Amino acid sequence: MTRRSRAAYDGAVPAPNPGGGHAAAPTSTGSLRSIGAPVSIRGVSKWFPTGRSFLHALDEIDIEIEPGEFVSLIGPSGCGKSTLLRVVGGLLPYELGTVTVDGNSPAQARDTKQIGFAPQTPSLLGWRTVRRNVTLLAEVNRRGAIHPPLNESEILELLETVGLGDFLDRLPKELSGGMQQRVSLVRCFALGAPVLLMDEPFSALDEITRNEMRYLLLDLWERTGHTVVFVTHSIPEAVILSDRVLVMATKPGRVVHAETITLPRPRSVQMEDDERYLAHMRNVRRSLGEVSAR
């Protein structure tokens, strides 16, 4: 479970912790390989230099994520959600604590292609078709990977799942914004990385398309069993997608509430009328309100 123990800060910033770990053997079960890996975040703190002082961005974050778990981070702007995602992904150093992905440091996990990213914008290559955009990451990330990318039939199955089976040879300019984001999601899953980090991938979409994308993402996740850490500002999105929703506060960024979602899986749009869904929404909203009131 998520917990927090806050230590005193004397104004000195320690040197970055490089982390440690070992490579783990890949697993393969199910039609599309259930390959989720655990993520451990223990006592992680992060500072950013600001002139002659330091901004305390993350304060002793403690999160244990199980293989195949879907965890959402939600909180006000500036609370460190994206910073934490980049720390887990090996894109930012951290000053205190430890982070491991399947026993590996973030840098090792990145080097062995155990982490996939889904950004806010699709970032598709305009001269490559849907099919060739999806296979791009697998083509350029083969070296050092300990988990093989999905094969062609598995990729086609995922493209069919998100309704792109008839658009395999289309270019990005021929697709709507929502369709481009579907390509981006499938590309992320196609890499075969056991842990996917998603930083508000639906934020640029209209609400109707965004709601559709939530359930398409659930379809992909349920077929593959990846571990997902998902950043969002949307309470409905966090609740319907997640096994747990972690509410973060700011100044410094920290986890102040963990909401375990009791809705059964697979999830469906009908569950948005379920009293359990509404109760979870109220709990997360109340926690966010308490954060804002501080």
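The following dialogue works through the fold, the burial and the salt bridges of a predicted model.

User: Which secondary structure elements does the protein chain contain?

Analyst: As this is a predicted model, every statement here describes computed coordinates. The secondary structure of the protein chain consists of nine helices and nine strands.

User: How much of the contact pattern comes from residues far apart in sequence, at 24 or more positions?

Analyst: The general idea is to look at contacts with a sequence separation of 6 or more and ask what share joins residues 24 or more positions apart. In the protein chain that share is 73%.

User: What percentage of the residues count as buried?

Analyst: A residue counts as buried when its relative accessible area is under 20%. By that cut-off, 52% of the 294 residues of the protein chain are buried. The accessible surface of the chain comes to about 12,800 Å², and carbon and sulfur atoms account for 53% of that surface.

User: How many disulfides does the structure hold, and are C79 and C188 buried or exposed?

Analyst: A disulfide requires two cysteine sulfur atoms within 2.5 Å. The structure holds zero disulfides. As for the two cysteines, C79 has a relative accessible area of 0% and is buried, and C188 is buried as well, at 2%.

User: How many salt bridges are there?

Analyst: The idea is to look for a side-chain nitrogen of Lys or Arg within 4 Å of a carboxyl oxygen of Asp or Glu. By this rule there are 13 salt bridges.

User: Which residues are linked with R214 in a network of salt bridges?

Analyst: The network links E207, R210, R214 and E237. Taking its pairs in turn, R214 and E207 form a salt bridge with their closest N and O atoms 3.1 Å apart. E237 also forms a salt bridge with R210, where the closest N and O atoms are 2.9 Å apart. That pair links distant parts of the chain, 27 residues apart: E237 belongs to helix α8 (residues 235-241) and R210 to helix α7 (residues 207-224).

User: Where do R214 and E237 lie, and what does their pairing tie together?

Analyst: R214 forms a salt bridge with E237, with 3.2 Å between the closest N and O atoms. Because R214 lies in helix α7 and E237 in helix α8, this pair ties together parts that are 23 residues apart in sequence.

User: Are the charged residues R214, E237 and R210 buried or exposed?

Analyst: Relative accessibility is again the value to read. R214 is buried, at 3%. E237 is buried at 1% relative accessibility, and R210 is buried too.

Note on methods:
Residues numbered from 1 in each chain as written. Predicted model: local features only at pLDDT ≥ 70, side-chain atom pairs only at ≥ 80, totals over all residues. Heavy atoms only, no water. Buried < 20%, exposed > 50% of the residue type's maximum accessible area, 1.4 Å probe, protein only. Helix = DSSP H or I, 4+ residues; strand = E, 2+ residues; numbered from the N terminus. Contact = heavy atoms within 4.5 Å. Areas by Shrake-Rupley, 256 points an atom, 1.4 Å probe, with all protein chains shown as cover.
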